[in-house]
Amino acid sequence: TPMKLLLADDDSFLLDMYTVKFTEAGHAVTAVKDGDHALTVLREGAAFDAVLLDMVMPGLTGVELLQTIKKEKLGGPACKCIVLSNQGEQSDLAAAKEAGAIGYIIKAESMPSEVVEKVTSMLTA
C-alpha cells in the first residue's frame with residue numbers, strides 16, 4: 001500500500017537518497033531539511049502515514065519535533081513517528097520513545113533499502 005511520508009533530515013545527501021528509495025518503493029515523500037520546515041508542513045494540516053525524522057537537526061531537535069507533533073496532534077490521526085538517526089545511545093532511544101516515536105532506526109546500521117523495509121514493517125505491524 002502506498003504511504004504518505006514526511007522526511008526530515010538536514011543531511012541533503014541522505015534526504016535525497018531516502019526520498020528516491022521510498023519513492024521507488026511506491027510511496028509519496030515530502031522531504032524537508034529540518035524540524036522547523038516539518039512543523040510548517042504539518043501545521044498546514046497535511047496528513048501523513050508517518051513522519052521520519054533525524055534526532056540532530058538545526059533549530060528544533062528530533063525530540064522537540066516529536067513532542068510538538070504529539071502535543072498539537074499534527075499529521076492526522078493515523079500518523080506515526082519514526083526516528084532515523086545516527087544517535088544510537090540508549091538515552092536517545094528512550095527520549096524519542098517517551099516523546100512518541102514508535103520506532104528508532106540507526107542510519108549507519110542499515111542500507112537505505114533496509115530502512116525502507118524496516119519503516120514499512122513498523123507501519124504495517
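This note walks through the strands, helices and cores of a predicted model.

1. The sheet. Five strands make up an open sheet, ordered β2-β1-β3-β4-β5, with parallel pairing. β2 (28–32) and β5 are the edge strands. Each has a single partner strand, so one side of each lacks a neighbour in the sheet. On average, neighbouring strands are turned by 20 degrees against each other, direction ignored.

2. The β1 and β2 pairing. Five bridges link β1 and β2 in the parallel sense. K4 has its bridge partner in β2, namely A28.

3. The β4 and β5 pairing. Strand β4 (residues 80–85) runs parallel to β5, and five bridges join them. L84 is matched with I105 of β5 as its bridge partner. Between these two strands the chain passes through helix α4 (residues 90–98). This β-α-β crossover is right-handed.

4. An edge strand under cover. β5 (residues 101–106) sits at an edge of the sheet, yet the strand is mostly covered. Five of its six residues are buried.

5. Helices on the sheet. α4 packs on the sheet and touches β4 and β5. The direction of α4 makes about 150 degrees with that of β5. Helix α5 (residues 112–124) also packs on the sheet, where it touches β1, β3, β4 and β5. For α5, the angle with the direction of β5 is about 165 degrees.

6. The largest nonpolar core. In soluble globular proteins, nonpolar side chains tend to be buried together. Here the largest nonpolar core has 26 residues. Those touching the most other members are L6, V51, L53, L65, L66 and V83. Two or more residues each come from β1 (4–8), α2 (35–43), β3 (50–53), α3 (62–72), β4 and β5.

7. L6 up close. Neighbours within four places in sequence are left aside here. L6 is then in contact with T30, V32, A38, V41, L42, F48, A50, V51 and L52. One of these contacts, V51, is also among the core members that touch the most others.

8. A second core. Another core, of 16 residues, lies apart from the largest one. Its members include F22, I105, V115 and V119. I105 is also the β5 bridge partner of L84.

9. A serine in β4. S85 lies in strand β4. Is S85 buried or exposed? Its relative accessibility is 1%, so S85 counts as buried. The side chain of S85 reaches the backbone nitrogen of Q87 at 3.0 Å. Not counting residues up to four places away in sequence, S85 touches D54, M55, Y104, I105, I106 and K107.

Note on methods
Residues are numbered from 1 along each chain as its sequence is written. This is a predicted model: local features need pLDDT of at least 70, side-chain atom pairs count only at pLDDT 80 or more; totals for chains, interfaces and linings use all residues. Side-chain values use heavy atoms; hydrogens and water are left out. Buried means under 20% relative accessible area, exposed over 50%, partly exposed in between (1.4 Å probe, protein chains only). Helices (H or I, at least four residues) and strands (E, at least two) are DSSP runs, numbered from the N terminus. Two strands pair if DSSP finds at least two bridges between them. A crossover is right-handed if, with the strands pointing away from the viewer, the path from the first strand over the helix to the second runs clockwise. A nonpolar core is a set of buried Ala, Val, Leu, Ile, Met, Phe, Trp, Tyr and Cys residues joined through side-chain atoms within 4.5 Å. Contact means heavy atoms within 4.5 Å. A polar contact is a pair of N or O atoms within 3.5 Å; within protein, one must be able to donate a hydrogen and the other to accept it, and residues adjacent in sequence count only if both atoms are side-chain atoms. Axes are lines fitted to C-alpha atoms, for helices over the stretch in contact, and angles run from 0 to 180 degrees between N-to-C directions.
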